[in-house]
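These are my notebook entries on a single structure, written as I went from one feature to the next. I wanted to look up what the helices, strands and side chains do in it.

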Amino acid sequence: MSGLAGAADLAERVLHGLRVKGMADVDGLTQAAGGSSDQITAVLEALEERGWVRYRDGKRSKGWMLQAQGRAEAERLAVAEMESSGQRGAVLDLYGAFKLLDPELKRVCTDFQIRGDQVMNDHTDPDYDAEVIARLAAVNQRVQPILTGLADALDRFGHYAPRLDFALSRVAAGDLDWFTKPSLDSYHEVWFELHEDLLVTLGLDRAAETAADSADA
């Protein structure tokens with residue numbers, strides 16, 4: 001990471017944050033990578049000069065995203081960190097535990113959005129919503145030990161537990177957008193990011209994994 005004197009570690013975390021998020025603003029990267037907004041901005045500008053990132057200013061979405069070289073470097077660094085840590089076996093076992101919960105989380109999210117025979121949930125039945133939210137809370141309780149283990153293996157996983165807890169607390173308080181809304185750091189969005197992080201860290205391909213899971217089903 002020459003050319004980024006004094007910011008190599010932060011630059012690596014920014015690259016990784018963009019790899020797992022796909023697109024992010026400075027605030028989102030500050031949360032995932034650490035550092036101040038000024039530090040993150042400086043790193044992004046340096047990475048942009050190298051041609052590794054670019055800023056997209058679209059009508060529907062705005063934020064920083066990786067270029068091809070930046071994506072390749074982010075993936076190389078993630079795998080290298082995993083191998084050098086000596087924790088691959090532990091992370092792989094924890095990923096196996098996460099995968100067992102993943103279908104349950106997807107069912108909970110689907111049931112929150114759709115009721116019965118493909119009828120959209122209009123959230124006019126508080127008892128129904130309360131039951132689904134209780135199931136989300138149960139999933140969250142079960143994933144927390146997995147997150148603790150991941151953070152013990154690689155400390156950069158440490159931000160997921162509080163983010164999932166916060167999203168659940170907002171849902172429980174009645175702000176239902178925090179369940180699945182893409183534009184928020186909602187429970188579903190953080191979970192999806194965590195899944196992507198695990199895949200990148202272990203050097204796995206989501207499409208290949210999905211195909212393998214379908215074949216085993």
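**Entry 1: the aromatic cluster.** I began with the aromatic rings and found that Tyr 95, Phe 98, Tyr 187 and Trp 191 form one aromatic cluster. I noted that the model is a predicted one, and I kept that in mind for every value below. Counting ring pairs, I arrived at 7 aromatic pairs. I then looked at one of them, where the ring centres of Tyr 95 and Phe 98 lie 6.3 Å apart and the planes meet at 20°, so I entered the pair as stacked, the cut-off being under 30 degrees. Tyr 95 and Phe 98 are 3 residues apart in helix H5, which covers residues 88-113, so about one helical turn separates them. When I checked their accessibility, both Tyr 95 and Phe 98 turned out to be buried.

**Entry 2: helix H5.** I stayed with H5 and asked myself how far this helix reaches from its first C-alpha to its last. With 26 residues it reaches 36 Å, close to the 38 Å expected at 1.5 Å a residue. Following the axis, I found a bend of about 30° at Leu 101, and I wrote down that a proline, Pro 103, follows within four residues. I also listed the buried residues of H5, which include Val 91, Leu 94, Leu 105, Val 108, Cys 109 and Phe 112.

**Entry 3: two acidic residues.** Is Asp 102 buried or exposed? This residue is found in helix H5, and its relative accessibility is 7%, so it counts as buried, for which the limit is under 20%. I then looked for a polar partner, and a contact of 2.8 Å joins the side chain of Asp 102 to that of Trp 191, a residue I had already entered as part of the aromatic cluster. Next I turned to Glu 193 in helix H9, which runs over residues 187-202. At 6% relative accessibility, Glu 193 also counts as buried, and its side chain makes a polar contact of 3.0 Å with the side chain of Arg 163.

**Entry 4: helix H6.** For H6, residues 126-153, I compared the expected span with the modelled one: 28 residues at 1.5 Å a residue should span 40 Å, and the end C-alpha atoms are 40 Å apart, so the two agree. Even so, I recorded that H6 bends by about 30° at Val 143, with a proline, Pro 145, following within four residues. At the N-terminal end I found that Asp 125 acts as a cap, with a side-chain oxygen 3.1 Å from the backbone nitrogen of Asp 127.

**Entry 5: charges over rings.** I looked for positively charged side chains above aromatic faces, and Arg 115 lies over the face of Tyr 128, at 4.1 Å from the ring centre. Arg 50 lies over the face of Trp 52, with 4.2 Å to the ring centre.

**Entry 6: the hairpin and Val 43.** I found that strands S1 (residues 53-57) and S2 (residues 62-66) run antiparallel and are joined by 5 bridges, and that they form a hairpin with 4 residues between them. Along this pairing, Val 53 stands opposite Leu 66 in S2. Last, I looked up Val 43, which lies in helix H3, residues 37-49, and which is buried with a relative accessible area of 3%. Although Val 43 and Leu 15 are 28 residues apart along the chain, their C-alpha atoms are separated by 9.6 Å.

Notes. Residues numbered from 1 in each chain as written. Predicted model: local features only at pLDDT ≥ 70, side-chain atom pairs only at ≥ 80, totals over all residues. Heavy atoms only, no water. Helix = DSSP H or I, 4+ residues; strand = E, 2+ residues; numbered from the N terminus. Expected span 1.5 Å × (residues − 1). Bend = angle between axes of the 7 residues up to and from the residue. Polar contact = N/O pair within 3.5 Å; in protein donor to acceptor, adjacent residues only side chain to side chain. Phe/Tyr/Trp six-rings, centres within 6.5 Å; stacked < 30°, edge-to-face > 60°. Buried < 20%, exposed > 50% of the residue type's maximum accessible area, 1.4 Å probe, protein only. Lys NZ or Arg CZ within 6 Å of the ring centre and 35° of its normal. Pairing = 2+ DSSP bridges.
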